[in-house]
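Thank you all for coming; please have the structure open while I talk. I will go through a surface patch first and some aromatic rings afterwards.

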Amino acid sequence: MHKKKKLEFRYIILAILLLITIVLGGVFFALRDGRNTLILEGVIKDVGNMILKVLETPTNWIRDVVDKEKEKNYIYRTYKDMQEQYEFLSTLESELSEAKKELADLESLLELNATLSEKTYTNATVLSRDIGYWYNTLTIDRGSHDSIEVGQAVVTSEGLLGYISSTSMFTSTVKLLTSGDENDKVSVKLEVGDSFVYGLLTTYDNDTNMFKIEGISENTGIPKDAKVTTTGLGNQFPSGILIGTVSDVNLDHFELAKTVYVKPAVNFNNTNYVTVLKRKLDE
Amino acid sequence: MYILFMISLFLEGLLSNIIPFYSYISMLLLFTSIVLFYPYAKRNFKKYMIVIFIYGVLYDLIYTQALFLDGILFSVCIFLLHYLYKFFKTIPFSDFWLLILMILLYRSFGYFVLCMIGYLQFDVGIYIHSLLSSILFNVVYGILLYYILKVLYHKKILKQLI
């Protein structure tokens, strides 16, 4: 009798262990980036988020009215500033048209159809943010129906926000750059005078609210406030999207490798409307 | 019960757009309502477990990519609550102590699972922040919900909802 009970207990333990393994495996599979959304999952996600979108309409309307009022004040102040800068505009215009012509000439010379910086835009509204605490994601109201694909860059007017990690028919999940995923290293360039220094954006520190750039081997001095942008290499991010500005530079103990701390350009809390970018090169 | 859970589910989505990232407020409105509703549903525990598993899965499908993680976490927490409730029910404000305990357990289980599969890296600071930020707002929501449920129960409206 006692032996039988002991055997039963062993089976229970074995079953629990097996269940835990299956659950862990299942969650690991579910949280993989770029996983194809299951049909039922996509339908429920779309329906749930559509309901949320309808419920959000009044709050969005109030927020828009407040934002518009703020924007009006901001535009007036900017207008005053711009009036002073107006005289330089004609010089800049001629420089821009010259640069555009040069770029077109160089493209035709190299027979390029699209450069890394050319992109198409899709605007979207944020439906929900970071629910579940750990995931660092946003849900937007554009999906595969609007040609949104996994890996595409998501930006705000301030700079790079993250990338599309999964899509359903009418909604998509955006994984923020702050997620700190070790597998999501973004290739970046730092503007030092007329040249660029290249590196990899690795982690995000929640305490200091700074990104960390590693893998910089050049001995070039990196000034504070240097702009950090995407290179367009390695992933689907177009080139030249602003990530932030350099806040601090640290050398390792052997004074060989640099670690650069970057202050994000994007305010991650003020993300009601976003734009999904697609590199023309990928089309 | 279904209406209450649905309201909490969508309220969580609505409020997520207002609350900033990494703030001292982290919402678990659906989980809070599930824990607080337990005393009214414990007679039909098996049915309640099925319902909360479905709501957990629904929560994952709508808001996260985790498919069924919250379905399992909700079920495990309520299963533990079922046994702990007997020991706690003599203590004053037992519902609130249990709510805090369940929130801590839910956050801890979730974090450990995500660390075990390599999705997150363990960081004591982040872990403690997640626990502290989860308690404050959800206990306030819990107090509000507790009295609403009590009123509904006395007016015999709640019985129709179960």
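On the surface of this predicted model, Phe9(A), Ile12(A), Ile13(A), Ile16(A), Leu17(A) and Ile20(A) form a nonpolar patch with about 560 Å² of accessible area together. Such a patch joins nonpolar side chains within 5 Å, each residue having over 30% relative accessible area and no salt bridge, that is, no side-chain nitrogen of Lys or Arg within 4 Å of a carboxyl oxygen of Asp or Glu; the areas come from the Shrake-Rupley method with a 1.4 Å probe. Ile20(A) belongs to helix H1 (residues 2–30) of chain A, helices being DSSP runs (H or I) of at least four residues, and its 42% relative accessibility makes it partly exposed, the class between buried, under 20%, and exposed, over 50%.

Now to the rings, which pair if their centres lie within 6.5 Å, and count as stacked under 30 degrees, edge-to-face over 60 and tilted otherwise. Over all chains there are 27 aromatic pairs. Tyr38(B) and Phe45(B) are edge-to-face because their planes stand at 90 degrees, with centres 6.2 Å apart, and both residues are buried. Phe79(B) and Tyr83(B), with centres 5.3 Å apart and planes at 70 degrees, are also edge-to-face; Phe79(B) is partly exposed at 41%, and Tyr83(B) is partly exposed at 42%.

A word on conventions: local features need pLDDT of at least 70, side-chain atom pairs need 80 or more, and totals for chains, interfaces and linings use all residues. Residues are numbered from 1 along each chain, chains are lettered from A and ligands numbered from 1 as written, and side-chain values use heavy atoms, without hydrogens and water.

Key:
Patches are made of residues with over 30% relative accessible area and no salt bridge: like charges are joined within 9 Å, nonpolar side chains (Val, Leu, Ile, Met, Phe, Trp, Tyr) within 5 Å. Helices (H or I, at least four residues) and strands (E, at least two) are DSSP runs, numbered from the N terminus. Buried means under 20% relative accessible area, exposed over 50%, partly exposed in between (1.4 Å probe, protein chains only). Rings of Phe, Tyr and Trp (its six-membered ring) pair if their centres lie within 6.5 Å; planes under 30 degrees apart count as stacked, over 60 as edge-to-face and the rest as tilted.
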